[in-house]
Amino acid sequence: MTRALLIPLAALAVLLPGCGLGGGDDDGGGSGSGGRETTRVEVIHDEGGASANGFNPQSIYESESPGVVTVVSAFQGTDLGSLGQEEGGESGVGSGFVLNGDGEIATNAHVVTTGEVPDLEEAKQVFVEFADGNQVEAEVLGYDPEADVALLKVDPDGLTLRPLPLGESSKVKVGEPVAAIGSPFNERQSLSIGVVSAVDRSIAGLTAFQISGAIQTDAAINPGNSGGPLVDRDGKVIGINQQIKSSSGGGEGVGFAVPIDVAKRSLEQLHESGDVKYSYLGVETVDIYPQLRERFDLPVGEGAWIQGVSDDGPAAAAGLRGGGSQTLFQIRPYRDGGDVITSIDGRPVRDPDDLSLAVAQIDPGKTVKVEAWRDGDKREFTVKLGERPLSGPAIAG
C-alpha cells in the first residue's frame, strides 16, 4: 500500500557544486544521439515574478510552471494502467521541479518510496510528465528520508528543460507572498497563491527526527502537491511542498514546505553519492520564555534548554548535562538544572530550532565548540558529532 503523497497531519482528533542545481548558465545537455534533437535548456535571469506591486502570480506561473513536473510512481503490485487516474493521495501522483540541464529533478522522498523507516521500499518505476506533455521514465538517484527529499534523473536528450532558480529560505519573512505549483489531486500544472504564515516550524519527516526551519503557508496545498516548489515573489524556490495539517485530508490553509536551505545540502549529497548523512548531538531541548526563565532562574533569556541527554550520544560524552528533578509549570513538566546551549560552532542558538538547523548543516564526525550556561557560568564544550540514526528515540539535535 503506497503512502499518501502529501502526508496529512491529523488535527483535532542548488546552485550546487558539480551539479548546477538551480538553473545556472548551462546551455544544457549537449548533442543528442540516434537522430534525436538536442536538449533545450531555458534559463530565465530576470525577476519574472515581480511587478509594480511586488507580486505577479501570472508572471510567476508563465515563468516557472514549465519547470514543474508531475511525478508518477509505480510500486509493487500497482496496476500501471490505473496510475494517475484516481483522485487522492493513494494515486501514485506527486510533483517535482527541474534543477539543471542534466535532467535532474527534485521531489519528496515519500513520493517515490513506500513503507516505514528503516524498511522503505523504492518505487519499481517512476515517470515524469513535463508541462509540454513529454513523459519519460526517471531514475531515482537517491532519497533522503530525514529531509523527505529525493533526486531523480531523466535523459535530457530531446527535452526542453526549464531549471528553476533556488532562493534562500533563511531570508524568508512572515507575510511575504508565495506561490505553489504542482499537481493537486492529479490536476496538472495548478497554481495556488498565499503568504508565508510562519517560519522555523518543525515538521515530521520519515524518521523519528523533525525537519527544522520549515515554512508554513496558507497557499492551497493538497495531496499531489508533494515535491512541487513553493516560490517567492521573484519565482525562486524557497521550499519543497511536503505536508498539510488537516482534519479532513484536504488543504485547509495550513501547509508546510521543506526549507530549500535544508534541501540544497540533501540534493548535493544525493547527487554525489546517492546517500545523505546527518550529524547527531543527542539532546532534548525546550524554548525559553520570560516566565520560564524567572521560574527556574535561568541565566539567559534565549537558547536551547537541555531537558534530556541521550546516554550514548556525543553531548553526554562531551559532558553536557540534562535536567534532573521534574517540576510541573504552566501545565507542562520541566526538568530543572540542565545546561542552556547558546551557540554551536560559532552560530548563535536562540531556540531549539536554531540548534537543530545548525547540527543538520554540519557533517558527522566533525568536532565543534558548544557554548552553554551552567549554574550561572558560561562554559565551552568540545563535542565530536556522531551520525544520526534513522530510527530511535526522538531526541532533537
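What average pLDDT does the protein have, and what share of the residues score at least 70? The protein averages a pLDDT of 86, and 80% of the residues score at least 70, where pLDDT is the predictor's confidence in each residue, from 0 to 100. This is a predicted model, in which local features need pLDDT of at least 70 and side-chain atom pairs count only at pLDDT 80 or more, whereas totals for chains, interfaces and linings use all residues. Residues are numbered from 1 along each chain as its sequence is written, and side-chain values use heavy atoms, with hydrogens and water left out.

Strand 23 and its partners come first. Strand 23 covers residues 340-344; strands here are DSSP runs (E, at least two residues), numbered from the N terminus. Five of the five residues of strand 23 are buried, so the strand is largely enclosed by the rest of the structure, where buried means under 20% relative accessible area with a 1.4 Å probe and protein chains only. Two strands are said to pair if DSSP finds at least two bridges between them, and the pairings of strand 23 are set out below.

| Partner of strand 23 | Bridges and sense | Residues opposite each other |
|---|---|---|
| Strand 20 (residues 304-309) | two bridges, antiparallel | tryptophan 305 and valine 340 |
| Strand 25 (residues 367-374) | four bridges, antiparallel | alanine 372 and isoleucine 341 |
| Strand 24 (residues 347-348) | two bridges, antiparallel | proline 348 and serine 343 |

Strand 23 and strand 24 form a hairpin with two residues between the strands, and in this hairpin aspartate 345 takes a positive phi near 55°.

Elsewhere in the chain, serine 279 lies in strand 18, which covers residues 279-280, and this serine is buried, with a relative accessible area of 0%. A polar atom of the serine 279 side chain lies 2.5 Å from the backbone oxygen of isoleucine 362, and a polar atom of that side chain lies 3.1 Å from the backbone oxygen of aspartate 363. Leaving aside neighbours within four places in sequence, serine 279 is in contact (heavy atoms within 4.5 Å) with residues including Val359, Ile362, Asp363 and Pro364, and also with Leu385, Gly386 and Arg388.

Two segments call for caution. Over residues 7-20 pLDDT stays under 50, and the model has 40 contacts beyond four places in sequence for them; over residues 85-91 pLDDT also stays under 50, and the corresponding number of contacts is 17. Where pLDDT is low, the predicted coordinates should not be read in detail.

Terms used:
Buried < 20%, exposed > 50% of the residue type's maximum accessible area, 1.4 Å probe, protein only. Polar contact = N/O pair within 3.5 Å; in protein donor to acceptor, adjacent residues only side chain to side chain.
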